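Let's take a walk through this one together, starting at a metal site and ending with the cysteines. Have the viewer open and click along as you read.

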Amino acid sequence: MQLDVLAIAPHPDDAELGMGGAILRFKSEGLKVGVLDLTDGEPTPHGSPQVRAKETTAATAVLNLDWRENLGLPNRSLEATLEARAALAGVIRRLRPRWLFAPYWVDAHPDHIAATQLTEAARFWSKLTKSELPGEPHHPQRIFHYYCVHLKLAVQPAFVLDISQQWEQKLAAIRCYQSQFVNGRSTDPPTFLDQLRDEAAYWGKTIGTRYGEPFACREPVGVSSFASFM
Ligand SMILES: [Zn+2]
């Protein structure tokens with residue numbers, strides 16, 4: 001299995017929230033897309049490992065992913081250790097993605113911050129020669145950062161992707177996580193899902209489309225032609 005895109009998520013549901021639209025767009029363009037969840041995301045107030053695993057399987061089917069695994073690192077105490085770095089670098093060398101996606105680097109959730117640090121360090125390690133890592137050296141061309149942030153940030157993304165055609169399916173993938181986004185939450189409007197739609201509509205408005213998904217990048221983003229701009 002060789003991937004074009006590997007999204008790295010601290011918890012099952014973060015990739016769906018932050019870049020479900022991009023994943024669906026990649027898939028519609030014929031790219032191979034995988035998600036690596038770093039932890040099982042449990043415990044949570046209304047979830048359990050079994051329920052969360054079932055929800056993840058359902059969301060994986062909605063996103064039509066080519067690959068998804070869980071690295072089995074500890075939820076709530078995720079750390080960018082050398083051991084975790086080696087494990088993630090091994091996955092990157094095995095799957096050889098062109099692009100990596102990681103959470104945005106500013107967050108209130110320590111697991112999210114650790115996931116970003118871990119991804120950046122593992123990307124560097126995955127290119128090393130003369131190492132004990134499995135497989136051949138591989139250096140993903142870019143790391144893009146998606147937003148699934150536990151802070152009310154007013155962000156300035158590097159670019160916004162038009163996900164008007166993908167929005168309903170992205171929402172369907174998010175809805176699979178009933179234990180996280182529906183059960184036990186207020187049904188008074190705006191519900192959590194209403195707020196997600198409002199946010200996607202806001203980002204769509206910034207680029208003149210119905211719905212959008214913002215992304216950050218620590219490095220400048222190149223374009224081959226002005227025709228790529230909307
Ligand atoms: Zn999370």
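Is the site of the zinc ion tetrahedral or irregular, judging by the angles among its 4 donor atoms? Keep in mind as you look that this is a predicted model. The site comes out irregular, with angles of 55 to 140° among the 4 donor atoms. To count as tetrahedral, all angles would have to lie between 85 and 135 degrees, so this set doesn't qualify. Water is not among the atoms, so a site like this may look incomplete.

Now for who is holding the metal. His-11 offers ND1, His-112 offers NE2, and Asp-14 is listed twice with OD, at 2.1 to 2.5 Å. Along the sequence, the donor residues follow the spacing H-x2-D-x97-H. Two of these donor residues are tucked away: His-11 counts as buried because its relative accessibility is 6%, and Asp-14 counts as buried because its value is 3%.

Next, hop over to Glu-213, which sits in strand β7, residues 212-216. With just 1% relative accessibility, Glu-213 counts as buried. What does its side chain find there? A polar atom of the Glu-213 side chain lies 2.9 Å from the backbone nitrogen of Gly-21, and the backbone nitrogen of Ala-22 lies 2.7 Å from a polar atom of that side chain. Leaving aside residues up to four places away in sequence, Glu-213 also touches a list of others, including Gly-18, Met-19, Gly-20, Phe-159, Lys-170 and Trp-203.

Carry on past the strand and you reach Val-221, in the segment after β7. Is Val-221 buried or partly exposed? At 39% relative accessibility, Val-221 counts as partly exposed. Once residues up to four places away in sequence are set aside, Val-221 touches Arg-142, Phe-144, Ala-158 and Phe-159. For a sense of scale, pick Cys-176: Val-221 is 45 residues from Cys-176 in sequence, and their C-alpha atoms are 33 Å apart in space.

Time to look inside. The largest nonpolar core has 34 residues, and those with the most contacts inside it are Met-19, Ile-23, Phe-26, Phe-101, Tyr-146 and Trp-167. Among the elements that give two or more residues to this core are strands β1 (5-9), β2 (33-37), β4 (99-103) and β5 (142-146), along with helices α1 (14-28), α2 (49-63), α5 (167-175) and α7 (192-206). The largest share, 7 residues, comes from α1. Click on Phe-101 to see part of this packing: not counting residues up to four places away in sequence, its contacts are Val-5, Leu-6, Ala-7, Ile-8, Met-19, Phe-26, Phe-144, Tyr-146 and Phe-215. A second, separate core of 22 residues includes Leu-88, Val-91, Ala-114 and Leu-133.

Finally, the cysteines. How many disulfides are there? The count comes to 0. Cys-148 makes no bond because its sulfur is 16 Å from the closest cysteine sulfur, that of Cys-217, which is too far. Cys-176 has a similar story: the closest cysteine sulfur, in Cys-148, is 17 Å away, so it is too far for a bond as well. Are these two cysteines buried or exposed? Cys-148 counts as buried at 9% relative accessibility, and Cys-176 counts as buried at 18%. The cut-off for buried is under 20%, so Cys-176 makes it into that class.

Key
Residues are numbered from 1 along each chain as its sequence is written. This is a predicted model: local features need pLDDT of at least 70, side-chain atom pairs count only at pLDDT 80 or more; totals for chains, interfaces and linings use all residues. Side-chain values use heavy atoms; hydrogens and water are left out. Donors are N, O and S atoms within 2.8 Å of the metal (3.2 Å for Na, K and Ca); water is not among the atoms, so sites may look incomplete. Four donors count as tetrahedral if all angles lie between 85 and 135 degrees; four count as square planar and six as octahedral if opposite donors are over 155 degrees apart and all others between 65 and 115; anything else is irregular. Buried means under 20% relative accessible area, exposed over 50%, partly exposed in between (1.4 Å probe, protein chains only). Helices (H or I, at least four residues) and strands (E, at least two) are DSSP runs, numbered from the N terminus. A polar contact is a pair of N or O atoms within 3.5 Å; within protein, one must be able to donate a hydrogen and the other to accept it, and residues adjacent in sequence count only if both atoms are side-chain atoms. Contact means heavy atoms within 4.5 Å. A nonpolar core is a set of buried Ala, Val, Leu, Ile, Met, Phe, Trp, Tyr and Cys residues joined through side-chain atoms within 4.5 Å. A disulfide is a pair of cysteine sulfur atoms within 2.5 Å.
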